[in-house]
Amino acid sequence: MSVPAVSVGDELENRPVTLTRADLVRYAGASGDLNPIHWNERTATAVGLPGVIAHGMLTMALAAQFVADWAGDPAAVRSFSTRFTRPVVVPDDDAGATVILGATVKAVDDDGSVTLGVTAVGPDGKAVLGKAVAVVRGR
């Protein structure tokens with residue numbers, strides 16, 4: 001597969017991703033990160049959090065998957081880096097919390113490699129990832 005043709009300034013179509021408490025429990029089991037702030041309201045609020053929060057690495061993984069899906073090949077993603085800027089609070093209901101993923105083309109190199117500025121916006125409309133940058137291999 002090859003990376004779609006893009007130009008600097010192009011925006012990828014946003015993707016909403018919803019996280020529920022069940023997703024957090026499954027991720028905790030799969031990752032081994034069993035910190036109760038990711039599934040227990042009492043513990044989360046006792047340590048000063050506004051509620052149960054999604055794992056930062058889960059949020060980052062969802063953003064990386066968004067990039068890999070766009071590239072058409074997970075192996076095309078050369079690098080992905082970010083900072084966690086704000087927690088994603090996941091309520092204990094069936095609706096969960098929705099994060100909107102997006103990206104803007106920041107550079108297209110001579111070899112076709114594409115640098116993307118990736119965004120992830122939480123339910124409150126604020127960024128949950130900062131300085132998120134992905135480099136995708138060109139053709």
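A residue is called buried when its relative accessible area is under 20%, exposed when the area is over 50%, and partly exposed in between, with a 1.4 Å probe and protein chains only as cover. The structure is a predicted model, in which local features need pLDDT of at least 70, side-chain atom pairs count only at pLDDT 80 or more, and totals for chains, interfaces and linings use all residues. Residues are numbered from 1 along each chain as its sequence is written, and side-chain values use heavy atoms, with hydrogens and water left out.

**Exercise 1. Describe the overall layout of the chain.**

Step 1. The chain contains 3 helices and 5 strands. Helices (H or I, at least four residues) and strands (E, at least two) are DSSP runs, numbered from the N terminus.

Step 2. Read from the N terminus, the order of these elements is β-α-α-α-β-β-β-β.

Step 3. The C-alpha trace spans about 55 × 30 × 25 Å along its principal axes.

Step 4. Of the 139 residues in the chain, 40% are buried.

Step 5. A contact means heavy atoms within 4.5 Å. Among the contacts with a separation of 6 or more, 65% join residues 24 or more positions apart.

**Exercise 2. Determine which residues of helix α1 are buried, which are exposed, and how they are arranged.**

Step 1. Helix α1 covers residues 21–31, and R21, L24 and A28 are buried in this helix. These residues lie on the same side of α1 because they cover an arc of only 55° around the axis. The arc is that of the directions from the helix axis to the C-beta atoms.

Step 2. R26, G29 and A30 are exposed on the other side of α1.

Step 3. The cover over the buried residues of α1 includes α2 (41–46) and α3 (56–71).

Step 4. G32 follows α1 and has a positive phi, near 85°.

**Exercise 3. Locate H55, decide whether this residue is buried or exposed, and describe its surroundings.**

Step 1. H55 belongs to the loop between α2 and α3.

Step 2. H55 counts as buried because its relative accessibility is 1%.

Step 3. When neighbours within four places in sequence are left aside, H55 is in contact with L24, Y27, A28, D33 and H38. Two of these partners, L24 and A28, are among the buried residues of α1.

Step 4. The side chain of H55 also reaches the backbone oxygen of D33 at 3.3 Å.

How values were computed. Polar contact = N/O pair within 3.5 Å; in protein donor to acceptor, adjacent residues only side chain to side chain.
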